[in-house]
Amino acid sequence: MSFSTFVTDKAGLQKMYEAIISKHETYAPVEKFGKYDYKKVSSLKECDPDSPIAETMSVKPLFFPRSSKIMKYEATSAGTSILETDQDPLTAQRVVLGVKHCDARGLQVLEAVNKWDYIDSDFLKRRENTVIFSARCDKAGTHCFCTSLDYDLENLDALDIAVVNGAEGKIYLQTRTERGETFLKEKLEKSTMYNVQSTNDESEMKKQYVAFAASFRLKMDYKDINEKMAKRFDSPAFEEASRNCVSCNTCAFICPTCHCFKISDEKIKDTGVRYKSYDSCNNVYFTLEAGGHNPRPAKYRRWRQRSMHKFVYYKERFGVNLCVGCGHCAISCPVNISIFDVVNHIASTPVGS
Amino acid sequence: MEEVKDKIVSIEKPELLAPPDWKPVIVGILCNWCSYAGSDLTGTSRTQYPPNIRIIRVPCSSRVDPWFIIKALQTTADGVLISGCHPGDCHYISGNYYARRRFLVTRELLKMVGFHEHRVQFSWVSAAEGAKFAQVVKKVTEDVVKLGPLHLYKKENFNK
Amino acid sequence: MARVGVFVCFCGANIADFVDVPTVVEEAKKIREVKFAVDYKYMCSDPGQQMIRDAIVQYRLTSIVVAACSPRMHEKTFRKALSDAGMNPYLLEVANIREHSSWVHQKDKKAATEKAGDLVRMAVAKSIANEQLHEISVPVTKRALVIGGGIAGIQAALDIADAHIPVTLVERSPSIGGRMAQLDETFPTLDCSQCILTPKMVDVASHPYIELIPYSEVIELNGYVGNYKAKIRKKASYVNFKTCTGCGTCWQKCPVKVPNEYNMGIDKRKAIYTPFPQAVPNKPVIDAEHCTYLLKGKCGICAKFCEKGSIDFKMQDEVIEREIGAVVVATGYDLWDATPYEEYGVGRYKDIINSLEFERMVSANGPTGGLPIRPSDGKVPKTVVFIKCVGSRDKAKGIEFCSKICCMYTAKHAILLHHKVHDSRAYIFYMDIRAAGKGYEEFVNRAQVETGAVYLRGRVSKIYQKGEKLMVRGEDGQLGREVEVEADLVVLATAIIPYKTNPALAQLLGISYDKYGYLSEAHPKLRPVETAKAGIFLAGCTQAPKDIPDTVAQASACAAKVCGLFAGDTMKKDPMISTVNNEFCSGCQNCVQVCPYQAIVTEEIPLGHGAREMRTVAKINEGVCQGCGSCVAVCRSMAINLAGFTDPQIINEIVAI
Amino acid sequence: MDYSKQIQDIAAKLFADGKIDVFVGYRMNGFDDNQIPVVITDPKEVSTLVFTEKSVFNLSNYLKADHTRNKRAGLVVKGCDSRSLNLLLTESQVKRDRLYIIGIACEGVVDDKGQKMQNCIECIVPDAVVYDEMLGNPQGRKDYIVNADIKALAEKGLVERREYFEEIFENCIRCNACRHSCPLCYCAKCCIDQETASLYNGSNTASSAFHALMTWSLHLAGRCVDCRNCEKACPSHLPLHLLHKQNEKVIFENFQNHLAGVEEGERGAFYKYSLKDPDDFIM
């Protein structure tokens with residue numbers, strides 16, 4: 001199937017967004033306390049699809065909620081019965097506006113693990129029924145390093161519709177998946193109000209990508225990073241790197257690819273709810289066993305686990321890194337530890353020292 | 001039984017109407033030596049009070065962790081009453097003085113985050129003040145009935 | 001999984017009339033953990049308890065909920081039923097559906113039933129988190145410390161020692177005897193005070209189980225019931241008691257004269273002295289504040305004349321320690337200073353004296369040889385006005401309470417005055433005559449009839465000098481007119497107050513005291529002898545004003561309590577106390593701050609398995625902890641929990657409503 | 001306010017004299033003009049140390065970590081940081097004889113955008129209260145000012161306040177970064193993570209956030225020194241200081257002007273009492 005490219009202007013795009021919001025269940029970055037989080041919106045005024053990357057939360061919670069209800073149950077002397085399961089079955093199509101490329105890529109990376117031995121149908125269904133419009137990324141943030149990872153800006157199929165700035169106020173819309181293609185085509189067929197023209201000229205878009213790629217402060221050669229990391233399991237650099245860490249767990253909670261969770265029951269009287277909620281491998285109690293033994297009691301070990309999982313284990317298992325280079329962790333870290341620096345530093349230390 | 005009038009709204013969330021059969025639930029945490037004994041005296045003297053309070057016995061008001069109040073508000077309670085010995089009468093010498101400090105701070109904090117101040121109330125009731133206990137319960141119940149059901153930060157599976 | 005049995009009581013009609021008991025049982029049966037629920041007419045009766053015992057065995061129950069009257073009523077009864085069935089008694093929870101439901105919601109059976117159902121549900125939820133608890137045994141040091149050597153301390157010490165329990169008796173003055181030794185005769189029988197007291201004093205000195213430490217004070221008390229450690233400071237007496245024979249040469253020769261406390265300052269004693277001739281021990285001490293040698297390094301006459309060479313000016317205060325199991329506090333009373341009564345001219349007129357000064361004057365061994373005199377001119381008074389309730393029952397100027405003994409001793413004083421000065425007349429201003437006691441009313445009547453004492457009901461408004469006389473103006477309430485009495489001597493029955501060091505003593509003992517300084521008993525009616533701190537008991541006027549019979553009775557009661565405490569080698573203690581989970585304790589020691597009993601100490605434990613680095617954690621002293629839970633609420637890391645009222649138990653109750 | 005040179009010299013001397021094993025200070029973050037904390041064990045790294053008005057993070061937080069807790073450490077503290085350090089000392093978490101404290105007479109620090117922090121504008125104790133060596137000119141104690149946000153909130157109606165805080169609790173993602181970055185949250189296992197609490201609040205819902213944040217703020221009541229480490233750490237940028245400032249205000253106004261960690265050996269406001277504490281809110 002071939003995908004199409006359209007060109008429009010800011011007013012046209014806004015009109016289109018308005019139309020989408022009025023028609024579909026739409027999510028977009030909404031500002032609160034200076035931070036943007038993806039929330040359901042009822043008008044374009046409430047949100048900002050071009051929110052600054054440094055102040056925007058990951059889109060992950062729309063697919064893997066911070067807390068999802070597994071089931072609601074009742075336990076009485078008559079026995080235990082399940083009252084409800086599955087938090088939101090999500091049958092209707094929904095739209096998310098203003099998703100950063102890296103963020104969308106995170107969802108793609110996560111699909112692998114969700115399709116693995118246990119199939120998380122909730123996650124997959126949510127992705128299946130969601131059309132993602134990208135944000136107009138045109139300048140890299142301080143901590144961005146997405147281009148350094150195995151990641152192709154021009155052919156990214158993690159998002160459904162790429163929204164790219166062109167010259168002279170032109171905005172390009174490019175469908176990247178079938179879902180995006182169908183959705184956008186249908187929209188454009190129904191209305192002609194969006195100043196949209198089909199185009200085959202992708203040169204301006206390409207130019208934009210090149211400019212974007214050049215704006216990165218952080219760059220590294222990612223090709224052999226996995227190998228280098230794998231050899232440095234015993235590197236003392238982990239201890240050094242983790243020294244500044246205050247174990248606050250923020251990095252994991254805002255990461256677009258972290259997917260550790262815990263199960264908790266909240267029972268009041270006879271009814272209980274079982275939740276699946278985020279957790280972090282940086283948490284000292286994450287690996288605490290019931291018998292009292294903790295295989296990762298020291299901070300650097302938890303640190304190593306997180307780095308190795310992102311750059312070695314996941315890659316070995318699924319062929320991709322569990323990091324998309326969004327830099328959210330470095331931004332949110334109270335002491336500005338950047339995983340980019342850490343991985344680079346570790347990879348550059350001598351093996352076996 | 002406190003009569004519930006037909007239109008009661010939750011004071012913190014005026015958009016929510018109380019169901020017609022709504023009855024407030026008040027969690028009462030009482031110290032063993034004064035207030036619990038006082039509440040027993042209310043019983044022995046057959047003084048009547050509204051039946052909405054559910055009493056929990058603790059040894060001393062100083063045993064009451066503000067956490068209990070938060071927990072009660074999150075789950076079952078529309079109102080909370082905490083009662084201990086009068087200052088100077090603590091069976092454990094000084095427990096209620098420590099409790100008093102915590103209560104003031106907790107109350108002010110809850111007020112700030114949007115709970116009406118009558119949601120959480122405190123009293124000193126001695127073992128001899130059976131009549132006072134009945135009055136206190138009556139006042140707290142009447143107050144909470146006026147405030148309507150509590151809908152703030154309730155647990156999802158809480159439905160009473 | 002928990003298997004809970006629920007037993008709902010009808011309490012005859014008390015519960016059943018206002019709560020639909022079968023509905024409560026049905027509601028209980030719906031709870032997942034409830035495996036058995038039943039109702040019965042009287043759960044506390046023998047058949048009722050038998051039902052519990054049977055069900056425990058038959059249904060393999062793991063905890064029991066009894067829905068009946070207040071747990072303050074029958075918790076112990078039902079706990080015993082559980083023990084009898086071989087179950088840990090602390091697995092019981094009582095739902096109070098009588099005092100808290102049926103009796104207070106008599107007009108609304110539906111609501112009362114619903115509430116009873118909720119109370120049962122809460123008790124079930126709590127009981128699921130109940131843990132097996134075991135009574136705590138605390139070893140006991142079988143030695144009692146008696147503080148104060150007045151009649152209360154003497155009696156307590158003798159009674160305890162007679163039970164072959166060693167006693168350490170600490171007295172602050174050089175001799176035991178206390179206030180009673182200052183009295184002449186005692187009401188209502190007019191026994192000679194000295195005659196009945198001195199044999200007891202001698203008994204104390206010679207008793208094999210009593211260690212008498214005079215001229216000393218308790219300065220520190222640590223530990224807990226059965227295991228106290230007391231520090232006692234023996235003040236330097238500068239006299240070697242071992243060699244001193246008490247011959248008396250030293251105080252005859254001593255040139256320094258000091259107001260005599262024993263005689264209320266009416267006459268003088270020497271700087272080396274025994275308080276009174278019958279003192280026990282009958283050995284002199286040197287008053288360091290007045291001794292010329294000790295102050296200026298000159299004199300030393302006593303040492304020159306002492307044949308035994310017992311005077312030792314280099315003697316120092318000495319601190320000794322005693323391990324003890326129980327304490328009896330008997331520090332006695334003092335007289336209130338009547339200076340605030342300006343209108344009486346207290347302090348201005350020499351011929352106004354207080355009752356103890358009068359007592360000393362009329363005493364056969366007193367400074368005046370048993371004759372009352374006017375301090376101003378030494379003349380024998382003919383008209384004596386006694387004023388009662390000076391300071392007592394006077395919220396504005398003095399103290400709100402009644403001093404209890406003044407009515408009786410004033411009557412006694414009237415009689416004594418009559419005996420000593422036959423042609424005298426006593427006028428007694430009073431508010432009420434409180435003569436409740438065996439033979440007391442008769443005694444007051446006797447005073448009135450025998451001596452012709454004039455009882456005038458009313459407060460004295462003013463006393464002023466007129467020539468040699470004191471004019472006492474007051475009101476005769478019965479006649480409703482003002483009266484004025486021309487008096488030679490005025491005796492004030494001033495209020496009696498606890499000894500001034502009581503608050504400091506209470507603080508070092510860790511017990512409470514009231515606003516007047518009286519030490520507080522654990523319960524005004526049912527535990528009048530105990531304090532809130534286990535193992536510390538109160539005797540005599542340190543707790544409240546008392547006459548001699550009451551004091552002696554309370555002292556004996558203390559002795560009985562002490563003997564009871566020491567009856568076994570160990571003591572049993574309620575297990576509902578705090579415990580520390582070392583894993584979570586971060587050692588911030590805020591709990592140590594708030595514990596009213598100093599029951600929390602710290603200990604060092606290894607940082608981890610086999611680690612050399614140590615960390616500090618809190619440790620509860622089981623013997624001292626009274627189970628208030630103050631520490632639990634301030635423990636942020638939830639490392640401390642209070643057995644019987646743990647966080648899970650209380651939270652379970654809250655969410656079960 | 002630039003004490004970089006002095007601090008470098010002091011740290012170098014401490015290492016040279018063998019007085020410390022680690023030094024906790026600030027260094028440039030390497031990509032803009034902001035600073036990050038640094039834990040130095042190698043004397044060679046001393047030259048990276050800086051201290052300016054960009055030295056924001058409260059370093060006493062690092063004393064609860066494994067690699068400093070039982071080591072001899074040197075560190076830099078501003079007024080607020082020294083108060084939390086004081087409390088850590090009082091609550092027996094660190095040993096004074098193991099520390100070498102460089103106190104700063106702080107003139108206030110600025111946030112990422114260069115704005116003076118609100119807590120510095122309202123600062124009461126700008127000078128370090130516990131130190132071995134003081135840098136800068138002590139300014140003395142300042143008057144207590146009620147937090148501007150608290151004042152504004154107090155004027156709002158009940159419903160408005162409720163709506164505002166509901167948003168705070170709904171936007172909380174329960175990452176617990178606030179807790180971990182707080183120097184005074186040193187518990188071996190936080191009560192929120194323990195079974196008793198988490199049994200009913202394990203989820204990341206607003207209700208659980210309400211429970212966690214309220215409990216947390218009450219555990220810091222009378223102890224919080226307003227260093228705002230929590231706010232710096234919060235990925236949702238929640239105004240967490242409101243909870244603490246409210247408690248601080250109530251405690252200051254009602255409990256004999258209690259300020260956390262100012263006096264040596266003084267514990268939090270909940271671990272003592274006065275007979276004069278307000279009683280009028282109790283029936």
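**Exercise 1. Find which domains make up chain D and how they meet.**

Step 1: Chain D splits into domain 1 (4-135) and domain 2 (148-271), with bounds from an automatic or database domain assignment. Keep in mind that this is a predicted model, where local features need pLDDT of at least 70, side-chain atom pairs count only at pLDDT 80 or more, and totals for chains, interfaces and linings use all residues. Residues are numbered from 1 along each chain as its sequence is written, and chains are lettered from A and ligands numbered from 1 in the order in which they are written.

Step 2: The C-alpha centres of the two domains of chain D lie 24 Å apart.

Step 3: Across the boundary, 21 residues of domain 1 of chain D are in contact with 19 residues of domain 2 of chain D (contact: C-beta atoms, placed from the backbone, within 7 Å).

Step 4: On the domain 1 side, helix H3 (residues 79-90) of chain D gives the largest share, 8 residues. Helices here are DSSP runs of H or I with at least four residues, strands are runs of E with at least two, and both are numbered from the N terminus.

**Exercise 2. Work out how compact chain D is.**

Step 1: Count the elements: chain D has 11 helices and 5 strands.

Step 2: Its radius of gyration is 19 Å, close to the 19 Å from the globule rule for 283 residues, so chain D is as compact as a globular protein of that length. The radius is taken over C-alpha atoms, and the rule is 2.2 Å times the number of residues to the power 0.38.

Step 3: Add the extents: the C-alpha trace of chain D spans about 60 × 40 × 35 Å along its principal axes.

How values were computed
Contact = placed C-beta atoms within 7 Å.
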